[in-house]
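Student: I would like to test some labels against their cut-offs. Can we work through this model?

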Amino acid sequence: MKLAVWTYEGPPHVGAMRVATGMRDLHMVLHAPQGDTYADLLFTMIERRDHRPPVSYTTFQARDLGADTAGLFMQSARDAHARFQPQALLVAASCTAELIQDDPGGLAETMGLPVPVIPLELPSYQRKENFGCDEAFLQLCRALARPMARTERVTCNILGPTALGFRHRDDLAEITGLLSEMGIEVNVAAPMGASPADIARMGQAHFNVLLYPETAESAARWLEREHDQPFTKTIPIGAIATRAFIEEVRALSGSTLPVDESRLRLPWWAASVDSTYLTGKRVFLFGDGTHVMAAAKVARDEMGFEVAGMGCYNREQARPLRAMAREFGLTALITDDYLEVERAIEEVAPEMILGTQMERHIGKRLGIPCAVISAPVHVQDFPARYSPQMGFEGANVLFDTWVHPLVMGLEEHLLAMFREDFEFHDEAGPSHHGHKAQIRELDAPAAQAAADEGGSMPPPSAPPSADNVIWLTCAERELKKIPFFVRGKARRNTEKFASEKGLHEISVDTLYEAKAHYAR
């Protein structure tokens, strides 16, 4: 654990809270100091939930540390059961409370509460939020799921969606509808929307659909081992992966019903005339392993982008991501330090970033467009509208989400490029109102400025470097004509070229010489 301004994942108790908050008739008692109640805001402010998470805090203070904090926890657990009457209780300690070693699980077992009490061991100083989700859901399944006879019709469980997940609500609806088209009924979807009683009857399903390995793979493997329920391995993000997912489900279920693809637009739109100019754009991907691996295939195989870099922050998925990166001829970046990610993006100089809310901020600083593909996300990525990432409608959403930043960026570039035009400068009136264009008096015409300044190369007094190279006005003006999503790379390459050539000043000629040099 380290102190940081930004973090990709919270401590593991936040992951356990995501599981509890997504469920019904379950309550969690968290042994935590007063300050750790901040986690409620993640759900009420960012996800815009209309109720608080079902979590009771012991909220011990500094003065309590010399007294009986264990007794404080036991009283909080009794009060939570009496007030909320849940079907089951989760008990855990936050990262701060872990240091005082009160053992909430052991204490809860001695209390004789009339409902199942499920203790969670969450090593806050070794693991993080996604582990907390995965572990909490696994322990719920181990404690509650019972062997049962299979349903008469072929049914499945959907595993993985939680509160605060990136588009989990809409992904669940999309995949439930897709399975319904195939004649397969969902027995239980969990954790999101399930109760402890629902978890108990998960054994009735014939197989499991795993949507998010980062939050439910351990539970899926346990159910396969203990309840003989195979699970799907394909994540249905993108048109190609959704078709592969359908074939995998057919193999598990025996379904032969056709699936309607009439609303799928991504393949044709990605191949259409107004999209082909985006082909070959270099993209950098970063996020949780599940979404990055799926998005990399969509970017390369369906959108025609070139994947220039990829990485993930959750080390549990580092191995499969590294294997995929090798297939792409890349070295995966595995880190939870956003400053390392920023340095990698600067070095690669992509034309677009597919990442998290953190990469959106990085993109703003570097002038690179970014589309969000993974948690952590901010409030704007919990939209009121239906906006899945999975299934055929999810493929359409991916096209819109990824292409629009590039298209809007080109519009901004054109506006900037023509800003000095006699018809379009800021002082010219709207043409559709019949105003005459006002010819703008410039300090010096561009051509004259280039002639006056272009050859000004005084002898250097210090060894030139990218830090002390000066851009002449005419060169800056010419640089602005380059599209914004490659302008940063052009600037860096030109400054590097100038320093290697021993130049202190960059003229228009230097800019184009650098372009020719790096085009070889």
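**Salt bridges and a sheet**

Tutor: In this predicted model, Glu174 and Arg263 form a salt bridge, with their closest N and O atoms 3.0 Å apart.

Student: What makes Glu174 and Arg263 a salt bridge?

Tutor: The cut-off is a side-chain nitrogen of Lys or Arg within 4 Å of a carboxyl oxygen of Asp or Glu. The N and O atoms of Glu174 and Arg263 are 3.0 Å apart, so the pair qualifies. Glu174 lies in helix H6 and Arg263 in the loop between H9 and H10, so the bridge ties together parts 89 residues apart in sequence.

Student: Why is Glu174 called buried?

Tutor: Buried means under 20% relative accessible area. Glu174 has 5%, so the label holds.

Student: And why is Arg263 called partly exposed?

Tutor: Partly exposed lies between 20% and 50%. Arg263 is at 26%, so it falls in that range.

Student: How do you know that Glu393 forms a salt bridge with Arg263?

Tutor: Their closest N and O atoms are 3.9 Å apart. The limit is 4 Å, so this pair counts. Glu393 sits in helix H16, 130 residues from Arg263.

Student: What makes S1 and S3 a pair of strands?

Tutor: Pairing needs at least two bridges. Six bridges join S1 (residues 26–31) to S3 (residues 88–93), so they pair. The two strands run parallel. One of the bridge partnerships is Leu30 with Ala92 in S3.

Student: Why are S2 and S4 called edge strands?

Tutor: The sheet order is S2-S1-S3-S4. Strands S2 (55–57) and S4 (117–119) each pair on one side only.

Methods:
Residues are numbered from 1 along each chain as its sequence is written. This is a predicted model: local features need pLDDT of at least 70, side-chain atom pairs count only at pLDDT 80 or more; totals for chains, interfaces and linings use all residues. Side-chain values use heavy atoms; hydrogens and water are left out. Helices (H or I, at least four residues) and strands (E, at least two) are DSSP runs, numbered from the N terminus. Buried means under 20% relative accessible area, exposed over 50%, partly exposed in between (1.4 Å probe, protein chains only).
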